[in-house]
Amino acid sequence: MSHGGVFLGVDVGTGSARAGVFDEKGKLLGSASSPIQIWKEKDCIEQSSTDIWLAVCTAVKSACSLANVAAEDVAGLGFAATCSLVAVDADGSPVSVSWSADARRNIIVWMDHRAVDQADRINARNSPVLQYCGGGVSPEMQAPKENLQESWSMVCRWMDLSDWLAYRATGDDTRSLCTTVCKWTYLGHAHMDQWKESDSCDMQACGWDDVFWEEIGLGDLVEGNRAKIGRSVAFPGHPLGSGLTPTSAKELGLLPGTPVGTSLIDAHAGGVGVMESVPEAESKDDLSDEEAICRRMVLVCGTSTCHMAVSKNKLFIPGVWGPFWSAMIPEYWLTEGGQSATGALLDYIVENHAAAPLLANHAASQSVSIFELLNKILLSMSHEQNIPFLSALSQDMHVLPDFHGNRSPVADPKSKGVICGLTLDTSEKHLALLYLATIQSIAYGTRHIVEHCNAHGHKIDTLLACGGLAKNSLYIQEHADIIGCPIILPRENESVLLGASVLGAVAAKKFSGIHDAMKSMNAAGKVVHPSSDPRVKKYHDAKYQIFRSLYEQQLSHRSIMMQALQ
């Protein structure tokens with residue numbers, strides 16, 4: 001390798017661009033973040049690629065300076081981002097996607113829901129490509145996001161944000177198998193018999209289904225060898241172009257020619273950042289590496305939660321996205337479950353309770369977070385009430401957490417949240433109970449996803465968790481107790497940045513491929529085991545039955561009301 005030995009990971013989230021510098025053992029040497037603009041009007045949520053690139057440059061320079069790393073020390077870099085949709089013209093300049101015609105606003109953000117009707121229309125056609133995304137596209141995927149007529153003709157490239165970042169850095173518009181397969185209905189397994197990750201080259205994009213695009217009225221996207229949506233694809237981590245162009249190198253404060261790896265979506269980078277973080281004590285001696293990794297599920301827990309599992313065979317699981325070939329770890333099929341609101345739901349529950357202002361004041365005066373204070377209140381309540389274990393405090397309160405619909409495994413966007421067991425109590429203690437019951441409901445939802453995946457061919461017996469909620473000890477312990485398997489937390493908090501830096505390390509040829517790099521750069525922190533008390537298991541089994549019944553009741557209520565209004 002011509003350069004030194006550190007790798008840079010960049011992650012563009014919904015609110016900020018972040019950069020982290022890692023060594024070849026995956027240790028974080030320094031990280032920084034820079035805010036990005038967002039415009040929200042009703043269902044339309046937009047950003048600017050010009051603004052995002054400036055934020056990326058700021059974050060990269062700050063991270064390198066904090067890590068005390070010079071440009072020549074950076075051996076490679078990789079990008080991860082939300083699956084937002086970028087529109088650019090032939091020169092790579094922004095094309096507005098906004099009703100406001102604001103030229104800067106050329107990105108439709110991932111959570112923009114303007115395409116709900118388009119998604120329904122596409123799904124009604126039952127195209128064969130849809131069986132690879134759980135049976136239907138979501139309005140958060142890219143195909144439904146057709147847009148303003150006058151912009152449409154000016155757009156030369158429609159790109160996922162992480163692909164655009166790599167294109168802006170290298171001038172190479174090769175797309176990632178991660179973005180195209182997960183969000184664009186690209187059939188990655190078209191390459192299965194021809195290519196292995198070790199062949200590392202741009203592959204001609206032979207996995208598009210042209211009939212699908214013509215059927216949904218977007219036939220012009222297949223013209224010119226599909227230049228607008230991707231002429232060539234590559235495995236994540238494949239080196240792009242000749243590395244950083246002189247222009248982008250100067251903007252980033254790095255050297256021209258620094259290798260850049262093909263990108264990942266942010267949640268998938270989280271998977272790459274943690275899936276091999278297994279301590280010696282937890283590794284199963286009788287299993288090959290290939291079998292062992294197929295028994296793990298990664299929970300990327302933030303505003304929402306993504307559930308990532310891989311397998312060597314393709315598994316079709318109703319209501320769960322995938323199977324996606326090589327979309328996270330090359331040559332493995334990815335299954336992707338999800339809960340649409342987890343961190344967002346806990347925030348909503350706490351902020352909308354009468355005791356919220358009081359609680360916030362108490363937390364501030366004790367210099368702890370609101371969640372740490374709630375965990376403390378629950379602990380003292382369990383001592384006061386002399387109950388056998390803390391979880392039992394919530395015996396009279398049951399929650400269905402579908403406040404933003406159910407992504408998996410029911411795949412019902414119309415599902416609503418339920419809270420059962422309310423009283424006139426407005427105290428902090430009451431809020432603590434509601435918070436506990438909500439955490440438990442999110443964990444029952446994950447149990448439902450794990451059981452559903454295992455019933456359809458997975459053999460998941462170990463969970464790994466990363467993201468903001470993974471820092472909450474009560475959240476993780478309840479998940480371990482409810483799902484009944486150990487939860488491994490990674491040594492490094494910044495899993496998505498680590499996953500992005502893995503792409504840089506692979507592009508720099510430091511490792512033979514993604515999985516090889518993960519074994520070296522992933523490292524385990526704490527392991528949280530389920531309670532060994534049989535009463536805890538019995539309690540959660542009973543509450544889980546009630547949890548499952550809440551959705552069944554909702555369906556029955558829905559049909560009673562539909563009949564009443566006919």
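These legends go with an overview and a set of close-up views of a predicted model.

**Figure 1. The whole chain, with its 18 helices and 22 strands.**
Start with the full C-alpha trace, which spans about 65 × 60 × 50 Å along its principal axes. The radius of gyration is 23 Å, and that agrees with the value near 24 Å for a compact globule of 566 residues. Of those 566 residues, 60% count as buried. Take the contacts between residues at least 6 apart in sequence: 73% of them join residues at least 24 apart. As for the outside, the accessible surface comes to about 22100 Å², and carbon and sulfur atoms hold 52% of it. The chain carries 45 positive and 63 negative charges, and the mean positions of the two sets are 2 Å apart.

**Figure 2. Asn-106, a buried side chain in a loop.**
Here we zoom in on the loop between β7 (85–88) and β8 (107–108), where Asn-106 sits. Its relative accessible area is 0%, so Asn-106 counts as buried. A polar atom of the Asn-106 side chain lies 2.9 Å from the backbone nitrogen of Ser-49. Ser-49 has company: beyond four places in sequence, Asn-106 also touches Gln-47 and Ser-48. The list of residues touched goes on with Leu-85, Val-86, Ala-87 and Val-88, and then with Pro-94, Val-95, Ser-96 and Val-97. Of the two strands that flank the loop, β7 covers residues 85–88.

**Figure 3. Glu-492 reaches a backbone nitrogen at Leu-28.**
This view shows the loop between β21 (487–490) and α16 (495–507), which holds Glu-492. With a relative accessibility of 14%, Glu-492 falls under the 20% cut-off and therefore counts as buried. What does the side chain of Glu-492 reach at 3.2 Å? It is the backbone nitrogen of Leu-28. Setting aside neighbours within four places in sequence, Glu-492 is in contact with Gly-26, Lys-27 and Leu-28.

**Figure 4. Two cis peptide bonds, one at Pro-323 and one at Pro-409.**
Most peptide bonds are trans, so these two spots deserve a close-up. The bond from Gly-322 to Pro-323 is cis, with omega near 5 degrees. Pro-323 belongs to strand β16, which runs over residues 321–325. The other cis bond joins Ser-408 and Pro-409, and its omega is about -5 degrees. Where does Pro-409 lie? Look in the loop between β18 (398–400) and β19 (418–420).

**Figure 5. Positive phi at Glu-331 and Ser-367.**
Most residues other than glycine have a negative phi. Glu-331 has a positive phi, near 75 degrees, and its place is in the loop between β16 and β17 (333–339). Ser-367 has a positive phi too, near 55 degrees; look for Ser-367 in the loop between α12 (356–365) and α13 (370–384). Are these residues buried or exposed? Glu-331 is partly exposed, because its relative accessible area is 24%. Ser-367 has a relative accessible area of 66%, so it counts as exposed.

How values were computed
Residues numbered from 1 in each chain as written. Predicted model: local features only at pLDDT ≥ 70, side-chain atom pairs only at ≥ 80, totals over all residues. Heavy atoms only, no water. Helix = DSSP H or I, 4+ residues; strand = E, 2+ residues; numbered from the N terminus. Rg over C-alpha atoms; globule rule 2.2 N^0.38 Å. Buried < 20%, exposed > 50% of the residue type's maximum accessible area, 1.4 Å probe, protein only. Contact = heavy atoms within 4.5 Å. Areas by Shrake-Rupley, 256 points an atom, 1.4 Å probe, with all protein chains shown as cover. Lys, Arg positive; Asp, Glu negative; His and termini not counted. Charge placed at Lys NZ, Arg CZ, Asp CG, Glu CD. Polar contact = N/O pair within 3.5 Å; in protein donor to acceptor, adjacent residues only side chain to side chain.
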